[in-house]
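Thanks for asking me to look this one over. Here are my notes, as numbered points, to read alongside the model.

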Amino acid sequence: MAPNDSTDSTQTTRRKASRYVVPVAVAGVAAATIGLVPALAASGDPELPKITAQQLIEKIAASDTQTLSGTVKISTDLGLPSLAGLAGGLGGDSSTSSADPQDKLTELVSGTHTLRVAADGPEKQKLTILDGSDEYSLIHNGDDVWGYDSKSNEAFHEKADEADGPKGEKREKPEKLPSTPKEMADEILKAAGDTTSITVGGTARVAGRDAYQLVIEPKQSGSTVESVKVAVDAENGVPLKFTLSSTAGGKPVVDAGFTKVDFGRPAASTFDFTAPKGAKVTEGAAEEKAPEDFEKAPENFEKEFGQGLEGFGGLNVIGEGWTTIAKLDTGAPAPKTDEAPAEVKGFLDSLGDKVSGKFGSGTVFKTKLVNALLTDDGKVYVGAVTQDALVDAANAGK
């Protein structure tokens, strides 16, 4: 079917999002990424042979499991106020398809969700988000990528090789957020160093499997991260559950884990998909720019956006490890929230705390994990650190 009409920016966003979400179907959330502890550990802690943290990390790295199917539950709690009514204040775009993968990933950023997952190597993955009787599925099968929303009977389709650039050259795919328990664990382990404590914190039963608990904690003060816990399958080294807790307390920021899992090969039919009769299909192929457009992209970008970037003072990194802070000088005074729509103003006011110091004054926008200080003279300090750490950085910068 012919693609639906939309703006160039919407088309580009959808195209990038579809590629971004293909790996998500391997095993879990986006993600990024519950109240699961009682449900997943109800069978009691198993007795397993002693293992060191280094041995457990090596077990994760050595895991070569490529086939699985099961159910994942994900809960994300950033401590944000309700977004209800905000979309209307922002004038949301109603032209996007309900099968747009980016929209579905956004839904996983808050609340609790149940997903069915299946994987058979790098060429076959499927993820289904369950919402009552409605389902949203992402399927990667060889050369084809499909997204389908049963509620609206809309589908999105793209060929996997449409990521090719001009003259058949492969373009580097954009970085993606960790989306499965294993990918979340890998990202944390990459960041480990002298600023990090890594230990084995006992055992657990997850989805009927015996598991070791890998506990990762910052050694530095000032971080909003209390701990990261990864339940690792004792037999095959696959991370089964990922829990990120904040020093703010309460529910975990991210708690993602299997409630059921089978490491056998899924049936080949699991990854078959044909758009149902009458479904509205958006074809990603129509959103690709012509080769000459790609070749002229650097020139066009500089011409259209270069003038607007001249005022930025560049990005500076302050500190290291868990207390790293990024500083950006926008070169312009902070916008006045009083001029924003009422819904937006109320949302921003609920997030922000007014602060002052040697740097002057500004507003700290807070979540349970990432905080950002926007000074009145247009500087931005952001990191997974406390409000005091941001103010100290701004004072030192002054």
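**Notes on the fold**

1. A good place to start is one strand pair: β8 (residues 209–218) and β9 (residues 225–233) run antiparallel to each other and share six bridges. Within this pair, isoleucine 216 sits opposite valine 228 of β9. Strands here are DSSP runs of E with at least two residues, helices are runs of H or I with at least four, both numbered from the N terminus, and pairing requires at least two DSSP bridges.

2. A word on the source: this is a predicted model, in which local features need pLDDT of at least 70 and side-chain atom pairs count only at pLDDT 80 or more, while totals for chains, interfaces and linings use all residues. Residues are numbered from 1 along each chain as its sequence is written, and side-chain values use heavy atoms, with hydrogens and water left out.

3. The pair belongs to an open, mixed sheet of twelve strands, ordered β7-β8-β9-β10-β11-β1-β2-β3-β4-β5-β6-β12. Its edges are β7 (196–206) and β12 (280–283), each paired on one side only.

4. Helix α3 (residues 53–62) lies across β7, β8, β9 and β10 (239–246); contact means heavy atoms within 4.5 Å.

5. The largest nonpolar core (buried Ala, Val, Leu, Ile, Met, Phe, Trp, Tyr and Cys joined through side-chain atoms within 4.5 Å; buried means under 20% relative accessible area, 1.4 Å probe, protein chains only) has 24 residues, and Leu115, Leu240 and Phe258 touch the most other members. A second, separate core of 16 residues includes Ala53 and Val232.

Methods. Axes are lines fitted to C-alpha atoms, for helices over the stretch in contact, and angles run from 0 to 180 degrees between N-to-C directions. Buried means under 20% relative accessible area, exposed over 50%, partly exposed in between (1.4 Å probe, protein chains only).
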